[in-house]
Amino acid sequence: MGSRSGWRGALAANGCLLVLYLLTGIGGLQLALSAGYASPFFPAAGVLFAFFLSYGRRVIPAMLVGSFLLDAWIHWSHQIPFTPAGTAQAGVTALADLLQVSVGAALFRRYLDPGLATGRSVLGFLLLAPTVSVISAATALGARWALGLNGGGNFGQILASWWIGDTIGVLLAAPLCWVAIGQPRALWWRRRWILGVPLLLSSAAFIAIYHEAQEWERAQHMQSFQLKAQRAGDLMQAEFSEHERFLYAMARALDDDAAAGPTHDEFTRVARSYLERRPGILGISWCQRVPDVARAAFEARMSELFARPFRI
């Protein structure tokens with residue numbers, strides 16, 4: 001890992017970055033609310049930033065491949081078809097990540113101490129992370145909306161979540177990576193206990209608190225939903241019971257006088273009065289038993305009633 005020259009060092013750096021990016025990316029996305037939403041903690045952004053700052057353009061292949069594979073995993077895990085537009089969006093996301101770390105690394109090298117050994121450098125890093133983290137979110141989401149892949153989500157909400165996730169990821173994950181690969185090597189390695197352990201504990205605490213808050217909020221929403229569903233179910237059951245009683249009464253009335261049955265006008269009066277009190281029912285049909293000997297008279301009467309020829 002310490003080597004900065006030769007194809008073997010570049011290959012090792014690319015392989016390590018690809019594995020770390022996919023592991024941290026998939027892990028971070030588990031905190032997303034649902035498909036199409038960004039994670040509020042995305043350590044993979046910090047991994048990309050740390051490796052690009054340490055190895056430069058040599059790790060670009062792993063960055064592009066990792067970003068594309070992560071997008072493919074999102075489609076596969078949520079059973080989203082990988083359309084040409086989705087493929088284009090995945091490519092734009094990879095390029096947006098590259099643009100973000102390129103700008104961030106350029107600003108870091110220009111204005112900050114590589115070892116973050118001064119208070120000014122630490123403060124600058126705290127300001128740099130949220131400043132550059134908006135680049136990937138704005139670029140990738142802009143492309144997604146342009147390609148019609150917004151999924152019905154709110155642009156501002158997803159943008160804010162993406163930006164916050166990348167910012168926290170850079171602030172927590174990048175220093176952890178620098179403990180292993182950062183320069184100056186001796187300085188960063190001495191910080192493995194005073195910096196690495198607190199950052200690991202902070203990350204674990206953030207994930208645990210967020211997970212518990214998410215579960216509590218979900219439980220509150222489910223409780224409210226269940227109460228409303230129960231109330232709606234009770235109202236529907238009451239309405240169905242009322243309709244059932246009416247239909248039963250109508251069936252008994254028709255059965256008691258099966259030979260004659262109600263006339264059309266009688267049935268219409270009863271049905272109309274019930275429909276006026278029950279807007280949930282759109283209509284009630286009337287079908288009179290007609291013996292063959294009475295067919296002609298019935299058809300004539302219905303033709304006159306509907307003002308058009310009527311045939312059974």
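# A tour from the tail to the core

Start with the segment after helix 10 (295-306), where you will find Ala307. This is a predicted model. Ala307 has a positive phi of about 60°, although this residue is not a glycine. Most residues other than glycine have a negative phi. Is Ala307 buried or exposed? At 70% relative accessibility, Ala307 counts as exposed, because the cut-off for that class is over 50%.

**Step back into helix 10**

Select Glu299, which sits in helix 10. Its relative accessible area is 10%, so Glu299 is buried. What does Glu299 touch, leaving out residues up to four places away in sequence? Show Phe310, Arg311 and Ile312 to see these contacts.

**The largest nonpolar core**

Now go to the largest nonpolar core, which has 37 residues. Select Leu17, Phe49, Met63, Phe108, Phe125 and Trp178, the members that touch the most others. Colour the helices next. At least two core residues come from each of helix 1 (6-29), helix 2 (43-55), helix 3 (60-77), helix 4 (84-111), helix 5 (119-146) and helix 6 (155-181). Which helix gives the most to this core? Helix 2 does, with ten residues.

A second core is separate from this one and has eight residues. Among them are Phe246, Phe267, Ala271 and Trp286.

**Trp178 and its aromatic company**

Centre the view on Trp178. Set aside the neighbours within four places in sequence, and Trp178 is in contact with Phe49, Ala50, Leu53, Ser54, Phe108, Leu116, Phe125, Arg185 and Trp188.

The whole structure has nine aromatic pairs. One of them joins Trp178 and Trp188. This pair is tilted, with 5.6 Å centre to centre and 45° between the planes. The two residues are ten apart, with Trp178 in helix 6 and Trp188 in helix 7 (residues 185-190). Trp178 and Trp188 are both buried.

Widen the selection. Phe49, Phe108, Phe125, Trp178 and Trp188 make up one aromatic cluster. Then add Arg191, which lies over the face of Trp188, 4.6 Å from the ring centre.

**Two backbone stops**

Move to the loop between helix 6 and helix 7 and pick Pro184. The peptide bond from Gln183 to Pro184 is cis, with omega near 0°. Most peptide bonds are trans.

Next, pick Leu116 in the loop between helix 4 and helix 5. Leu116 is not a glycine, yet its phi is positive, near 50°. Is Leu116 buried or exposed? Its relative accessible area is 10%, under the 20% cut-off, so Leu116 is buried. Leu116 is also one of the contacts of Trp178.

**A cavity inside**

Rolling a probe the size of a water molecule over the atoms shows where empty space is left. How many cavities of 30 Å³ or more does the structure hold? There is one. The largest cavity has about 60 Å³ of space. To frame the largest cavity, select Ala45, Phe49, Gln100, Val101, Phe125, Leu128, Ala129, Val132 and Val170, which line it. Helix 2, helix 4 and helix 5 are the elements that give two or more residues to this lining. Helix 5 gives the most, with four. Two of the lining residues, Phe49 and Phe125, also belong to the aromatic cluster.

**The second largest pocket**

Turn to the second largest pocket, with a volume of about 270 Å³. This pocket is lined by 15 residues. Select Thr24, Pro43, Ala173, Leu176 and Leu200, the closest to its centre. Which helices each supply at least two residues of this lining? They are helix 1, helix 2, helix 6 and helix 8 (192-256).

**Last stop: Phe82**

Finish in the loop between helix 3 and helix 4, where Phe82 is found. Its relative accessibility is 34%, so Phe82 counts as partly exposed. Show its contacts, without residues up to four places away in sequence: Phe68, Asp71, Ala72, His75, Thr87 and Ala90. Then draw a line between two C-alpha atoms, those of Phe82 and Asp71. These atoms are separated by 9.7 Å, and the two residues are eleven apart along the chain.

Definitions and conventions: Residues are numbered from 1 along each chain as its sequence is written. This is a predicted model: local features need pLDDT of at least 70, side-chain atom pairs count only at pLDDT 80 or more; totals for chains, interfaces and linings use all residues. Side-chain values use heavy atoms; hydrogens and water are left out. A nonpolar core is a set of buried Ala, Val, Leu, Ile, Met, Phe, Trp, Tyr and Cys residues joined through side-chain atoms within 4.5 Å. Buried means under 20% relative accessible area, exposed over 50%, partly exposed in between (1.4 Å probe, protein chains only). Contact means heavy atoms within 4.5 Å. Rings of Phe, Tyr and Trp (its six-membered ring) pair if their centres lie within 6.5 Å; planes under 30 degrees apart count as stacked, over 60 as edge-to-face and the rest as tilted. A charge sits over a ring if NZ of Lys or CZ of Arg is within 6 Å of the ring centre and within 35 degrees of the ring normal. On a 1 Å grid over the protein atoms alone, a cavity is a set of points where a 1.4 Å probe fits but cannot get out, and a pocket is an open set with protein on both sides within 12 Å along at least five of seven lines; lining residues have an atom within 4 Å of a point. Grid points are joined across faces, edges and corners, and a volume is the space filled by probe spheres set on the points.
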